Amino acid sequence: MDTATLRHDFPALDRTVYGKPLIYLDNTATSQTPACVVEAIEHAYYNTKANVHRGVHALSQEMTLLQEAARERVRSLINAAATSEIVFTRGTTEAINLVASSYGRLIPDGAEIIVSVMEHHANIVPWQLIGRGITLKVIPMDDRGVLDLDAYRSLFSNKTALVAVTHVSNVLGTVNPVEEITREAHIHGVPVLIDGAQAVSHRPVDVRAIGCDFYAFSAHKMYGPTGVGVLYGRREMLEKMPPYQGGGEMIGHVTFQHTTFADLPFKFEAGTPDFVGIAAFHRAIDYVASVGYDNIEQHERRLLEYATQRMTAEIPGLRIFGTAPGKDAIISFLIGDSHPYDVGMLLDKQGVAVRTGHHCAQPLMQRLGVEGVVRASFALYNTLDEVDAFIAALRRTASMLQ
Ligand SMILES: Cc1ncc(COP(=O)(O)O)c(C=O)c1O
């Protein structure tokens, strides 16, 4: 993998901040976008912008074909059985809220939902919003950030209605054994939702191999546009679920007395979708495929190992949160008792973009016994030279704060 050449695909990486070359290590929050994706957006706005599934005219048909080709591309990306199982949403958050609002209506009052201690708020709060006495049961983890699967097995009861866990932790980088988690849930007849927001840009995902009932992710974390996400839902699940929002596109026939609904997946896609973004997401998926997941995984592992080893050796008072075997290239850390915000600010002034705070995972912060952490997260375009510059900036930061 030729990272130096590949970086030219990402114009944002050439910019400077405060006169320093940008070193973008906030990829977990969102990745940068390759020119081909921006060009796909531009092309659609200049040439094919017309509302989808509504027109007999040429532009509408072209745009519809582009959107539906993207749906097929997403299907093949995650090996879903059919495009009818691919629902476009605004992002992972909306995908999970869709399941909570819709599937949530099918589960009884007082039901239990199993989540893990490392969930993003997007996989906690939507379940709480169902109300009706529904409670969360939490899978604990050890100090490395590995989920305790024995404890998980003991959480099932006759009230368990769903298991909802993250594939990859956005703080710890832990890659959870989602196949095993799903298998166990299915033994109990309980469906499983996987939050794949941090997985799809780094590793191949096969929803049928995992066996999960739902899988949610966002385009913008996968080199794609903002405002587009995906909910994969197994057909039998989606079929029995009521619509999430009402409006155009999702209907079969409407009278003032009664409405029938469109077939899958359109039953869950009320209103005008972000068809331009969806078409551009197709290009992002092709881009990732052209680089290749093997190359991406290998490259990011090298960055992770090199950065971890140098940080540990050279930064006094460093604490890393998340040391699970096989973790993804996400390093959350603190330096002595320095406030994460101060570390982030000082790094920023040196051109290094990291994220600080609770990372939308306050229950996890509580488990770690901290208010927040600094997080450096890597993508396919980061280089070992950038790690060197990051370490140099971190050393300067540590000495300023001590
Ligand atoms: C694990 C995880 N789940 C869900 C989300 C929410 O994604 P979005 O804001 O794109 O909906 C994120 C975003 O950081 C995440 O890391």
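Let me start with one helix, H11, whose face turned away from its buried side carries the exposed residues Asp 294, Gln 298, Glu 305, Gln 309, Thr 312 and Ala 313. Please keep in mind throughout that what we are looking at is a predicted model.

Which residues of H11 are buried, then? They are His 299, Glu 300, Leu 303, Leu 304, Ala 307 and Met 311, and because they cover an arc of only 135° around the axis, they sit on the same side of H11. Among the elements that cover these buried residues are helix H1, which runs over 3–6, strand S13 at 318–321, the strands S14 and S17, and helix H14 at 384–401. As for the length of H11, its 22 residues should span 32 Å at 1.5 Å a residue, and the end C-alpha atoms are 31 Å apart, which agrees.

Let me step back now to the chain, so that you can place this helix. The protein chain is divided into domain 1, made of 3–25 + 292–401, and domain 2, which covers 38–289. The C-alpha centres of domain 1 and domain 2 lie 28 Å apart, and where the two meet, 22 residues of domain 1 are in contact with 22 residues of domain 2. On the side of domain 1 that touches domain 2, helix H11 (293–314), strand S14 (330–335), helix H13 (362–368) and strand S17 (373–377) each supply at least two residues. The largest share of that side of domain 1 comes from H11, with four residues. If we sort the residues of this side of domain 1 by character, 11 are nonpolar, five are polar and six are charged.

I turn next to helix H14, which is among the elements covering the buried residues of H11. H14 has 18 residues and reaches 25 Å from its first C-alpha to its last, close to the 26 Å expected at 1.5 Å a residue. Its buried residues are Glu 386, Val 387, Phe 390, Ala 393, Leu 394 and Thr 397, and seen down the axis of H14 they fall within an arc of 125°, so they line one face of the helix. On the other side of H14, Asp 385 and Ser 399 are exposed. What covers the buried residues of H14 includes strand S3 (23–24), together with H11, H12, S15 and S17.

One residue of H14 deserves a moment by itself, namely Asp 388. Is Asp 388 buried, exposed or partly exposed? With 14 C-beta neighbours inside 10 Å, Asp 388 counts as partly exposed, since a residue is called buried at 20 or more such neighbours and exposed at 12 or fewer. Asp 388 and Ala 307 are 81 residues apart in sequence, and yet their C-alpha atoms are 8.1 Å apart in space.

Helix H12, residues 340–348, has Pro 340, Val 343, Gly 344 and Leu 347 as its buried residues. Seen down the axis of H12, these fall within an arc of 95°, so they line one face of the helix. They pack against S14, strand S15 (352–353), S16, S17 and H14.

Let me move to domain 2, which covers 38–289, and to Thr 64, which is found in helix H3, residues 58–78. Thr 64 is partly exposed, with 18 other C-beta atoms within 10 Å. Leaving aside residues up to four places away in sequence, Thr 64 touches Val 52 and His 53. Thr 64 and Val 52 are 12 residues apart in sequence and 4.7 Å apart in space, C-alpha to C-alpha.

There is also a ligand, and of the 13 residues around it, Gly 91, Thr 93, Asn 170, Ala 197 and Ser 218 come nearest. The shell around the ligand divides into three nonpolar residues, nine polar and one charged.

I will finish with some backbone details. Most residues other than glycine have a negative phi, and most peptide bonds are trans. Asn 79, in the loop between H3 and strand S4 (86–89), has a positive phi near 55°, and Asn 79 is partly exposed, with 14 other C-beta atoms within 10 Å. Cys 360, in the loop between strand S16 (355–357) and H13, also has a positive phi near 55°, and with 17 C-beta neighbours inside 10 Å Cys 360 counts as partly exposed. Finally, the peptide bond from Leu 264 to Pro 265 is cis, with omega near 0°, and Pro 265 has its place in the loop between strand S12 (259–261) and helix H10 (275–291).

Key: Residues are numbered from 1 along each chain as its sequence is written. This is a predicted model: local features need pLDDT of at least 70, side-chain atom pairs count only at pLDDT 80 or more; totals for chains, interfaces and linings use all residues. Domain bounds come from an automatic or database domain assignment. Two residues are in contact if their C-beta atoms, placed from the backbone, lie within 7 Å. Ala, Val, Leu, Ile, Met, Phe, Trp, Tyr, Cys and Pro count as nonpolar, Asp, Glu, Lys and Arg as charged, and the others, Gly among them, as polar. A residue is near a molecule or strand if its C-beta atom, placed from the backbone, lies within 6 Å of it. The expected span of a helix is 1.5 Å times one less than its number of residues. The arc is that of the directions from the helix axis to the C-beta atoms.
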